[in-house]
Amino acid sequence: MFITSIFLVALFSNANALTVQLSKSSAVAAVDSTLLVDCVTNPTDGVNVYWEKGGEAVPLQPTSGKEPEFFYMSNNTLKITKVKRRHAGTYSCFAKHKTEFRFAEFKVEIMYIQQANPLEPRKTYSGVEVEMQCIPPLGKPNPKPLWLKDGKTFSDPRVDQSTFTLKISKTQLSDTANYTCVSMGYKNRTTTASLTVYEKGPFSVKPEKINATEGDKVEFKCISGTKPPLPLKWFKRNKQCDDKGCKTLDEDVDLMSDVRFVKTDDGVLTITKVKPEDKADYVCTRFLGATTEEAVVKLHVITLIKIDLKPKASIDIDSTKPHTVACPYQGVNPKSISWIRKDTGALPSHMNVDGSTLVITKPQLSDSGVYTCKIVGPLNSDEATVNLTMYKGLKFIKRPSNITGFVSKPLWIDCVGSGYPEPWVFYFRIGKGGGELNSTYFTTHKNGTLYIPKLRKEDQGKYMCILKNDPGGSKTSQFELTVKSENEKAGASSPMHRTIGIAVGCAGVYILLVIGLMIYCRARRARLLKGIITEVDGEGKDPLIGNGNKDIPLDDMKKFSQWEYKRSGLEEIGTLGHGKMGRVYKANAVDIRPSEKRTLVAVKEFNSDEKEHKDEFNIEMEMFTQLDHINVVKLLGVCMNASPPDPWLLITDFGEEGDLKGYLDRNKNLSIHERLDMSMCVANGMDYLIAQHYMHRDLAARNCVVRANKSVSISFLSLCEDTYKDDYFSLNDYPVPLRWLSPECIQEENYSEKSDVWSFGITVWEIFSNGDRPYANFDNDAVLKGVCLDLRLTKPKDCPDSIFHIMESCWLKEASERPSFADLKSAINDVKID
């Protein structure tokens, strides 16, 4: 126990004044110890003495019974019998003699010491100064330092151990040890840490550069160069570039899940089977404290020839149109590229090879067969086969016309079509009670004739004859069946009168139609030339364009001249796909916007030598020049100063994250809020398009683009030829997005705002289904029939009910009952997500 004793004498004014003197002014006492403090007065006689603690009286020692924890005795001595932490504080001895009053104070503190603070291990090179900082714990009395080396006291002139900071002036390998800092106080507290001293040597990797062939095993040896060897880490240094520049990103090899990468403790990194994507700088790093050193190996991988044709092992080709079959491959410097037909060994004269692409200039039905693409490289060769199936488009030879039959009488309806392979014919009822016909009552003969043995009144209605073959798609023709009773048949006029009446009536109708058509065309022509079309024409060539402006003079391009942009400013990044008019690719456009050096754009090609392409170009230009909305892609420029075969180019902005379908597939952990915001973006864009008197007719996630801030804009790419070919179905010789179409579009080709609303519901379903394919478990025929009945999509996983109710409102069978886009915006805005 450490006790400080100081005698304190009360102030006095003269030698005969009252004084109070304590044997101690303070004490630091251990718990459970006994503490005595004497209080002596001068004079002693006639003096009244008593003690207080913090203003409260200390009891006098009782003459009998149990003693209190602390008290003062008759000789005025204060006694604390067994010190506890609660006894800490200030005690005062008061003395009163006649008119004089004096006191003296005594302070009690309790001994303690906190737990030791951790000591940080150190690593250092030899020959340098190093310190090990020990932070002493708080305590009473203040602790004093003691240093131990490997558990023992030690002495070394290079080492200062007089304070809590151990200082070694010039380290040696022999200084490597465990050092213990002892804080000596009321109790001793210890903490230990290691000091490791390394002798520095040369740091290197072998080899510094490797040229490996794909599939090789490579090995890098990193030499630490220290004694003892320092731990080593390997990083793969990836270089990432975008339009803002390049940056490097180091990937810790220890954290890579690729089992081909094997690292040993002695610094050897092995890649058991090199791939092209392994090409990079590999960095060996040794760390010592804050010092980091690097040694770099450059790995170059020579890519073997590999053909990537296998996902499209079978291709269907329309024999009436030229076609190309790509043979995409990886690898460099191929020695030869060839195509052969498996059964003949040679290609027919109307086929040739352009690069690695098989070009079929005039397809023939006899071209069906298996073809092999073979590419020979400097180190290896690869080949792949593809099965080409030629087909001829469907065509009606005889369409069923509206027909009248009589109750209980038989009826024959003829529907004949041609195509290759030979199409089969089936019939479908439209509207109430619709669907495929009951084969026990209706009989469809092989020649396409529908036979009804005994007509019923309920058989009256609209029907559809469908031609179908694989892979040519399908083609439809509608007709109406009227069923009359025997009484109506008896009341009919004679065949001669009926014939004359029909002939006269048809002639009259024909004349009226011709006159009406002339008046309509003249008025329409005038409106088109003034650019004020407000109707929506459902027969445009492009499924995206609903405005129908087709009669604009092709040589009148002055109104588009302000949009002209130099081709040399386009820096192509890659092909997005092919639409009906041609290729669509992604590019950076230099200075196309005043505020940006480079702008990410989508570029659509139009053949400047084909009238159909020029017409389509004019239609899209007419549309884009009238649109300006944050949720609709914007026209940025055109390239029309071209001579065939150079195409005209239409340039629109493009989302940094690509199309919405691909983005959803890559980002499956989007929140409900993020998906709802995307749905609102699409609704905003569509509401604007409808307000401008445009329909989309191909609204889907693939035709929306995503910005860097996750906002969505509607685009007009329609990559129906390759990238999203499986999302399109040939209906009446035209590729349509079957799985996004409403019943009235399938049955009657009737497009409207409400058919776009149906497609919007499918698009929102895609957003909440991570871009899954609608009706994925049904083939196209089942979707074609089912949607016209009651086939509907089910609620996506984790989709709130309130959002799915919005989707379901878009899929009401009656178009008039579906909400408008203004209604949909309001409904989405009202959705509450917890």
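**Stop 1: Gly582**

Select Gly582, which lies in the loop between strand 48 (570–578) and strand 49 (583–593). The model on the screen is a predicted one. With a relative accessible area of 23%, Gly582 is partly exposed, because buried would require a value under 20%. Leaving aside residues up to four places away in sequence, Gly582 touches Gly577 and Glu605.

**Stop 2: the annotated binding site**

Next, extend the selection to the residues that UniProt lists, in an unreviewed entry, under "binding site". Gly582 is one of them, and the list also includes Gly577, His578, Gly579, Lys580, Met581, Arg583 and Val584. Two further members are Lys604 and Arg702. Of the listed residues, Lys604 is included in the lining of the second largest cavity.

**Stop 3: Arg702**

Now centre the view on Arg702, in the loop between helix 5 (672–691) and strand 53 (704–706). Is Arg702 buried or exposed? Its relative accessible area is 2%, so Arg702 is buried. Display its surroundings: apart from residues up to four places away in sequence, Arg702 touches Asp659, Lys661, Tyr724, Asp727, Tyr728, Pro737 and Trp740. With one of these residues, Asp727, the side chain of Arg702 makes a polar contact through the side chain, at 3.4 Å.

**Stop 4: Asp698**

Asp698 is found in the loop between helix 5 and strand 53. The unreviewed UniProt entry lists Asp698 as "active site". Its relative accessibility is 1%, and Asp698 therefore counts as buried. Show the side chains of Asp698 and Tyr728, which are joined by a polar contact of 2.5 Å.

**Stop 5: helix 9**

Select residues 801–810, which form helix 9. Which residues of helix 9 are buried? They are Ile803, Phe804, Ile806, Met807 and Cys810. Turn the view to look down the axis of helix 9: the buried residues fall within an arc of 150°, and so they line one face of the helix. These buried residues pack against helix 5, helix 7 (753–767) and helix 10 (821–829).

**Stop 6: helix 10**

Move to helix 10 and colour its buried residues, Phe821, Leu824 and Ile828. Seen down the axis of helix 10, they fall within an arc of 50°, so these residues also line one face of their helix. Among the elements that cover the buried residues of helix 10 are helix 5, helix 7 and helix 9.

**Stop 7: Met807 and the nonpolar cores**

Return to Met807, one of the buried residues of helix 9. Not counting residues up to four places away in sequence, Met807 touches Gly761, Val764, Trp765, Phe768, Pro796 and Cys799. How many residues does the largest nonpolar core have? It has 89 residues, and Met807 is among those with the most contacts inside it, together with Leu660, Phe716, Phe760 and Trp811. Helix 5 supplies the largest share of this core, ten residues.

To finish, select Val47, Tyr72, Ile80 and Ala95, which are included in a second, separate core of 24 residues.

Key
Residues are numbered from 1 along each chain as its sequence is written. This is a predicted model: local features need pLDDT of at least 70, side-chain atom pairs count only at pLDDT 80 or more; totals for chains, interfaces and linings use all residues. Side-chain values use heavy atoms; hydrogens and water are left out. UniProt positions are given in the numbering used here, feature names are shortened, and annotations may be inferred rather than shown by experiment. On a 1 Å grid over the protein atoms alone, a cavity is a set of points where a 1.4 Å probe fits but cannot get out, and a pocket is an open set with protein on both sides within 12 Å along at least five of seven lines; lining residues have an atom within 4 Å of a point. Helices (H or I, at least four residues) and strands (E, at least two) are DSSP runs, numbered from the N terminus. Buried means under 20% relative accessible area, exposed over 50%, partly exposed in between (1.4 Å probe, protein chains only). Contact means heavy atoms within 4.5 Å. A polar contact is a pair of N or O atoms within 3.5 Å; within protein, one must be able to donate a hydrogen and the other to accept it, and residues adjacent in sequence count only if both atoms are side-chain atoms. The arc is that of the directions from the helix axis to the C-beta atoms. A nonpolar core is a set of buried Ala, Val, Leu, Ile, Met, Phe, Trp, Tyr and Cys residues joined through side-chain atoms within 4.5 Å.
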